[in-house]
Amino acid sequence: MTVEKMAEYLWGLPEQFTSIIEQGIKLTPKYRRQYSNIVVTGLGGSAIGGDIIRTYALQKAQVPVIVNRDYDMPAFINSDSLVLAVSYSGNTEETLSAYQQANDKGSSVIAVTSGGKLADIADKDGWDVVKIPGGLAPRAATGYLFTPLALILEELGIIQGAVHDLQETAQVLKKLRQEIQPDIDWPQNQARVIAREIKNSLPVIWGSSARTETAAMRWKAQINENSKAPAYCNNFPELNHNEIVGFGMPKDLLSQMVIIILRDPQDHPQVQKRIEITRDVIRSQVKNIIEVQSRGESFLAKFYSLAYVGDYASFYLALEYGINPSPVEVIDFLKRELAKD
Ligand code: PA5
């Protein structure tokens, strides 16, 4: 995939939500029942949608949503569990293994994939398969991967208002992309400003538990995969109980760190106070502290508005380094090596 293609996919994110909404999700009636838990199982770009739905459900659902990023499913799953097996390629070995365990334990399973073995096996086992458009990098297909999860939970009555929130998200992102797209140059373009600031530095992204934590995780993964650069993330209030103590030494490493704080006006008031105090504590130790503000009303619009700035910033950082953001050769190499007998 070329640089231009990645730029095209970044631009097209809002339309991913609307196209899946228009297409709709039609579940077979057997799924309409009570569940004691919901497990989203997947890895990497396919798992992050699980974290978005997990944190979204924390605000809305009476049933716990858990994300599983492993070969093995948690011991608690049983016939009262709904398992959403998500793999963009449909061929990720951990997801196939977790799928098998869920099927063996009698859980209700829905596969979300563009095809591959997961689509074939789930279909043969009699489970619904939500097919999404293929041919993108999984991280460029986040709208296609997340929207079905939200629509499935809404369809099953586990959450309400998802379609409305996704439509708002698309509107917020359409406005935001006008400000951060490649035609808008530094310094008007916030994503370009951040990319320049974190170039040759160590970005550390901080979010808040249950609200912006997944956006911080997304920023980290996008910098890793698009820019081929290290990045780390953590959350308030937890980081105030350990990470904050680690800003003493080594001075030369700390002076290379850029702290990016993802802010949401609905963060707990004490979290907002913690952010202000923490800024003052570390200000003189690090290269810079940057804040990015969420936009929109709904949890989803706030999440995606923060994540979208990170998507573009990681794209511009790749360009600053002279790197094509698209390929992830090390991931492909690992998958090939692991597939060998
Ligand atoms: O971004 C990537 O390419 C990875 O993080 C993949 O999403 C991950 O390896 C899992 O693959 P898939 O999404 O096809 O299940």
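Biologist: Which residues lie nearest the centre of the largest pocket?
Modeller: Those are Leu-43, Ser-89, Thr-92, Ile-331 and Lys-335, out of 25 residues that line the largest pocket. Before we go on: this is a predicted model, in which local features need pLDDT of at least 70 and side-chain atom pairs count only at pLDDT 80 or more, while totals for chains, interfaces and linings use all residues. Residues are numbered from 1 along each chain as its sequence is written, and side-chain values use heavy atoms, with hydrogens and water left out.

Biologist: What counts as a pocket, and what as a cavity?
Modeller: Both are sets of points on a 1 Å grid over the protein atoms alone. In a cavity, a 1.4 Å probe fits but cannot get out; a pocket is an open set with protein on both sides within 12 Å along at least five of seven lines. A lining residue has an atom within 4 Å of a point.

Biologist: What volume does the largest pocket have?
Modeller: About 610 Å³. Volume here is the space filled by probe spheres set on the points, with grid points joined across faces, edges and corners.

Biologist: And which elements give two or more residues to that lining?
Modeller: For the largest pocket they are α3 (44-60), β3 (81-87), α4 (93-104) and α13 (329-339). Helices (H or I, at least four residues) and strands (E, at least two) are DSSP runs, numbered from the N terminus. Helix α13 gives the most to this lining, with six residues.

Biologist: How many residues of each class are in the lining of the largest pocket?
Modeller: Ten are nonpolar, eight polar and seven charged. Nonpolar covers Ala, Val, Leu, Ile, Met, Phe, Trp, Tyr, Cys and Pro; charged covers Asp, Glu, Lys and Arg; the others, Gly among them, are polar.

Biologist: OK, on to the second largest pocket. What is its volume?
Modeller: The second largest pocket comes to about 210 Å³. Its lining includes Gly-44, Arg-69, Arg-139 and Glu-225. Helix α9 (213-227) gives the most to that lining, with seven residues.

Biologist: Which domains does the lining of the second largest pocket draw on?
Modeller: Domain 1 (3-160) and domain 2 (178-320) each give at least three residues to it. Those bounds come from an automatic or database domain assignment.

Biologist: How many cavities of 30 Å³ or more are there?
Modeller: The structure has one, and about 70 Å³ of space lies in it. Among the residues lining the largest cavity are Met-6, Tyr-9, Arg-218 and Asp-311. Helices α1 (3-11) and α9 each supply at least two residues of the cavity lining. Domain 1 and domain 2 each give at least three residues to the lining of this cavity.

Biologist: Changing topic: how many salt bridges are there?
Modeller: The count comes to 21 salt bridges, where each is a side-chain nitrogen of Lys or Arg within 4 Å of a carboxyl oxygen of Asp or Glu. One of them joins the side chains of Asp-51 and Arg-69, at 2.5 Å from N to O.

Biologist: Why does that pair tie together parts that are apart in sequence?
Modeller: Because Asp-51 sits in helix α3 and Arg-69 in the loop between β2 (65-68) and β3, the pair links parts 18 residues apart in sequence. As a general point, side chains of opposite charge can pair when their charged atoms come close.

Biologist: And the backbone? Where is there a cis peptide bond?
Modeller: One joins Trp-186 and Pro-187, with omega of about 5°. Pro-187 is in the loop between α7 (162-180) and α8 (190-198). The bond from Phe-236 to Pro-237 is also cis, with omega near 0°. Pro-237 lies in the loop between β7 (232-236) and α10 (251-254).

Biologist: Last one: is phi of Asn-200 positive or negative?
Modeller: Positive, near 60°, in a residue other than glycine. You'll find Asn-200 in the loop between α8 and β6 (202-208).
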